Amino acid sequence: MKETFLEPRSLPKAQTDENTKRMRNSCFDYMRSMFGRPFVFVRRFIWVVAVVFFFSLLVTGMVWDVSTRVSLSSSNLDATWQHFFGTDHMGRDLFYRYCQAMIGSIVPLWGVVIAATCSAIGFSALLFFGSERAIFRAFSRASNLLSALILSLPFAVLVLAFSVVYEKTGLIPVMGVGFFYIFFKTTSKLSQMLAESQNFSHWQGHEAMGGGRLQRFFSYGILSDFRMYLTSDFCFNLRLIVAAEITLSYLGFGVSEPDPSIGNIISSNIEMALKGDPRILFTALFVLAVTMMIPSKIEEALNRLRRKTSAKLS
Amino acid sequence: MLQYFQTTTLILLWCVLISCAWGVVFYLMSGYFKGFGSFSWSVRGDKEVGAGLGFFYIVPTLLLAPLLIYMTHNIFELTVIFPVASLASFRDILLSSSVPAVVLAIATGLLVRISRNIMMLKQVFYPASFVKLSIALGLSPERQLFKLVYTKSLVDAWVSSLPWIFGELLIIEALFNAPGLGLDIWHQAKMRNLEGFFSSIIWLMGIYFIFFGVSFFLSKKIGHRLEGYSL
């Protein structure tokens, strides 16, 4: 048929049929991948539930300011539409307590991890930029020594020691120790990778052609060679700091009652579980499991993005 | 103080035993079932080993231990919490230390690291000339590689897991009421007895540095031996 300005270009019938067949096959393949392999389906279903639940906790905590009032007449109620997870021994709604725990402790801690990682990248960039000068080399050596000292000690012991010396409960000990621990850990690893990267041919080529140090650090380092390590380390640190805060709250040194934290909710209700009422313990463990799963999903998504970008560039 | 040392040392020794046993089992299973070594809880297999296993690298003790205590108590009617130290025999304490050690090995990612190291080292050393020679001579390459892969994966996993093991030891002993250095540290901290608190921490760090020294020494020795291998 003769093409005109107004009529769209139409494909030959054989090619249209081929495209339709390909689309139908890919839909069947996708459906088969979901239901033909039950393990895959269950795994994806669990991930979807976890992500939706996590964001519902965050959004509820941010949007609704419901004070979890004590109401002894409605203590230890089972899950209903009014109280999704029921109430605790003081009659406080559990779902909203978990929302407050998310907003009050998990989100600030993840903010600390982001801040520490960005600071470490900035500090490493500064040291790399000035590495020809003696003072920067001295700074670099001092930083490596301090990192080796701090990183040789277990993180939980450091956090507990600081919180005992600090003599007050709350998030400050975890945030303070967590910031410096993650900062020195990331700086130490970046300086090690920078030292190894001097032997890479593309780094040497860039330097030989007069390329700038900062440009090399960010383009070849942070956005390329170091990205996989930074991604996995970042997600590991997200889990690490949450685990430390929950441990500290369980031991009575972190966030303490009446402020909610997953750790202090578990410690208050573990005895009830052993006496035959595991509802609160199970809900707390479910929220904890979801919180620990989310960084894995973030890592998976970032790795997928990195592979797509690398595939496009190659 | 001796009692505290005894319990903490028993838990750590059980941890060593469990890690050695797991290394042997995983090595044999990965050799016997060809697909076993590449399963990684992910759809895309080896491509996402890191991400797939990532969740299991740190499973908080507070996720695993309360679940275990509840299930053993309410379903199996077993008590995994430590017996009262003054009334219990050495045998009771020895057996009771095994459960916290299992939780410690899983929660710190020690077993996952051992598995991952075994998978990776097998891939690295399979193309080596001594393995090709053993295949040419009709010998089993799995047997030839066992000593090297097993020792190196165990030592590397312990070196990277040590800080987490000693960090989680505190909460493990608190959860299971095990009268070790970790529980003593917690009690001293609650009473705000800084002298007792820091002296217990120093003793715990002493054990930590002994483990660190041994694993560092073994790691260096393996490194020297590997220099002689033509890869």
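**Close-up 1. Lys185(A), a buried lysine.** At 13% relative accessibility, Lys185(A) counts as buried (under 20% relative accessible area, with over 50% called exposed and partly exposed in between; 1.4 Å probe, protein chains only). This is a predicted model, in which local features need pLDDT of at least 70, side-chain atom pairs count only at pLDDT 80 or more, and totals for chains, interfaces and linings use all residues. Residues are numbered from 1 along each chain as its sequence is written, chains are lettered from A and ligands numbered from 1 in the order in which they are written, and side-chain values use heavy atoms, leaving out hydrogens and water.

**Close-up 2. The surroundings of Lys185(A) in helix 6 of chain A.** Helix 6 spans residues 172–197; helices are DSSP runs (H or I, at least four residues), numbered from the N terminus. Setting aside residues up to four places away in sequence, Lys185(A) touches Leu151(A), Tyr229(A), Asp233(A), Phe236(A) and Asn237(A) (contact: heavy atoms within 4.5 Å).

**Close-up 3. Where chain A meets chain B.** Here 42 residues from chain A and 41 residues from chain B take part in the contact. Together the two chains bury about 3800 Å², with 76% of it on carbon and sulfur atoms (accessible area, 1.4 Å probe, lost on being put together, summed over both parts). On the side of chain A that touches chain B, at least two residues each come from helix 2 (38–63), helix 5 (155–166), helix 9 (227–251), helix 10 (262–274) and helix 11 (279–313) of chain A. Helix 11 gives the largest share, 12 residues.
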